[in-house]
Amino acid sequence: MLTFSPLSSYTSLSISSSSSSSQVIVVAAEQDYQQQKPQLRSSQLVALEYADLNLSYNLNLGHGRIRQHVNPSSFSSPAQVPDWNQVFADPALPLMVDIGCGSGRFLMWLAKRTPKVRNHLGLEIRQKMVKRAELWVKDLALDNIHFLFANVSISFKQLVESYPGPLQLVSISCPDPHLKKKYHKRRVLQKPLVGTIVDNLSPGGQVFVQSDALEVALDMKNQLGEVDALSHIDALNSDILCDSEGWLLSNPMGIRTEREIHAEFEGVKIYRRLYEKKQM
């Protein structure tokens, strides 16, 4: 059994021929940007990194821009718990939940590479993004991924407690920072959510968090670091590369999220942590 489960399977997938080729092109394009005049925009780099999904971008979802930041208190109704037998081919498989999944491409990439291994649930508070993700999943004909329009602080507990299989992985990537002090209560990772994640996470299950805002990353680090049932990955596996402050040097999932690509294109550092629930 691999000691870096469950993310080890994701990491190994990053060297597959299709994704490796895309990442080589992306890296080369980023180097060109640093050395010459800009040749590609960050949105084009995102498209390159996710090229093997072959997604259609000609989707009619109505007019109006998708909001970048959302006040979660505006969405107080809990999401309806789905019939897991209807949304997943095998609802007994281990579950990954991506909180604040955005467009969903990151989760689709993972789901496409782990058929019959793991189910994937994307939770997003911007309904237009969920609708687009649902159309993409239909085009990809994936039966191990589902998206829900949900306020996580209200809906996460009932969703994961109703799921038939084990909760194996939770990821929170570049959540809305809400940097003003009076808005800190709007941040997605609050103590009640931390408690629900840890209570429902299976032994050996993992929590992956990252942000391009150091203040937010430190907040998530402090909250998860206070939980006795969790250990940071560098305390469990010395082969995992971290900097002197314990931040992971790269995304262990095998592909960067869209926000990561945009941020790193602009030279912004991503602060990443990975925690694992201790065995009983």
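User: Ala141 is found in the loop between α6 (127-140) and β3. Why does Ala141 count as exposed?

Analyst: Happy to walk through it, bearing in mind that this is a predicted model. The relative accessibility of Ala141 is 64%. The label "exposed" is given over 50%, so Ala141 with its 64% earns it.

User: What makes the phi of Ala141 worth a look?

Analyst: Ala141 has a positive phi, about 55°, although it is not a glycine. Cys174 is another residue other than glycine with a positive phi, here near 50°.

User: Cys174 also has its place in a loop, between β4 and α8. How do you know whether Cys174 counts as buried or exposed?

Analyst: Set the value against the cut-off. Buried means under 20% relative accessible area, and Cys174 comes to 15% relative accessibility, so Cys174 counts as buried.

User: What is the label for Lys131 in helix α6, and why?

Analyst: Lys131, whose place is in helix α6, has 44% relative accessibility. Partly exposed covers the range between the 20% and 50% cut-offs, and therefore Lys131 counts as partly exposed. In space, the C-alpha of Lys131 is 8.9 Å from that of Leu148, with their places 17 residues apart in sequence.

User: Ser77 lies in the loop between α3 (42-49) and α4. Why does Ser77 count as exposed?

Analyst: At 57% relative accessibility, Ser77 is over the cut-off, so Ser77 counts as exposed.

User: Which residues does Ser77 touch, not counting residues up to four places away in sequence?

Analyst: Ser77 touches Ile154 and Ser155. Ser77 and Ile154 are 77 residues apart in sequence, while their C-alpha atoms are 7.5 Å apart in space.

User: Why does Ala150 count as buried?

Analyst: Ala150 has 4% relative accessibility, which is under the 20% cut-off, so Ala150 counts as buried. Ala150 is found in the loop between β3 (145-149) and α7. Beyond its neighbours within four places in sequence, Ala150 is in contact with Ala79, Leu123, Glu124, Ile125 and Ser155. Gly122 is 28 residues away from Ala150 in sequence, and the two are 9.4 Å apart from C-alpha to C-alpha.

User: Which residues touch the most other members of the largest nonpolar core?

Analyst: Val97, Ile99, Leu123 and Phe156 do, in a core of 35 residues. Among the elements that give two or more residues to this core are β1 (95-99), β2 (119-124), α7 (152-162) and β4 (167-173). A second, separate core has 31 residues, including Tyr50, Leu110, Trp136 and Phe208. As for Leu123, its contacts outside four places in sequence include Val97, Ile99, Leu148, Ala150 and Phe156.

User: Why might nonpolar side chains be buried together?

Analyst: As a general tendency, that is what nonpolar side chains do in soluble globular proteins. For this protein as a whole, 50% of the 280 residues count as buried.

User: Glu258 lies in helix α10. Why is Glu258 called buried?

Analyst: Its relative accessible area is 18%; that is under the 20% cut-off, so Glu258 is buried. Glu258 touches Val46, Tyr50, Ser103 and Arg105, leaving out residues up to four places away in sequence. Within α10 (residues 258-265), the buried residues are Glu258, Glu260, Ile261, Ala263 and Phe265. Gly267 follows α10 and has a positive phi, near 85°.

User: How many cavities of 30 Å³ or more does the structure hold?

Analyst: The structure holds one. The largest cavity has a volume of about 40 Å³.

User: Which residues line the largest cavity, and how do they divide into nonpolar, polar and charged?

Analyst: The lining is made of Pro175, Asp176, Arg187, Val188, Leu189, Val216, Asp219 and Met220. Five of the lining residues are nonpolar, none is polar and three are charged.

User: What does the protein look like in overall numbers?

Analyst: Its secondary structure comes to 10 helices and seven strands. Of the contacts between residues at least 6 apart in sequence, 81% join residues at least 24 apart. The protein exposes about 14100 Å², with carbon and sulfur atoms supplying 51% of that area.

How values were computed: Residues are numbered from 1 along each chain as its sequence is written. This is a predicted model: local features need pLDDT of at least 70, side-chain atom pairs count only at pLDDT 80 or more; totals for chains, interfaces and linings use all residues. Side-chain values use heavy atoms; hydrogens and water are left out. A nonpolar core is a set of buried Ala, Val, Leu, Ile, Met, Phe, Trp, Tyr and Cys residues joined through side-chain atoms within 4.5 Å. Buried means under 20% relative accessible area, exposed over 50%, partly exposed in between (1.4 Å probe, protein chains only). Helices (H or I, at least four residues) and strands (E, at least two) are DSSP runs, numbered from the N terminus. Contact means heavy atoms within 4.5 Å. Accessible areas come from the Shrake-Rupley method with a 1.4 Å probe; for residues, only the protein chains shown count as cover. On a 1 Å grid over the protein atoms alone, a cavity is a set of points where a 1.4 Å probe fits but cannot get out, and a pocket is an open set with protein on both sides within 12 Å along at least five of seven lines; lining residues have an atom within 4 Å of a point. Grid points are joined across faces, edges and corners, and a volume is the space filled by probe spheres set on the points. Ala, Val, Leu, Ile, Met, Phe, Trp, Tyr, Cys and Pro count as nonpolar, Asp, Glu, Lys and Arg as charged, and the others, Gly among them, as polar.
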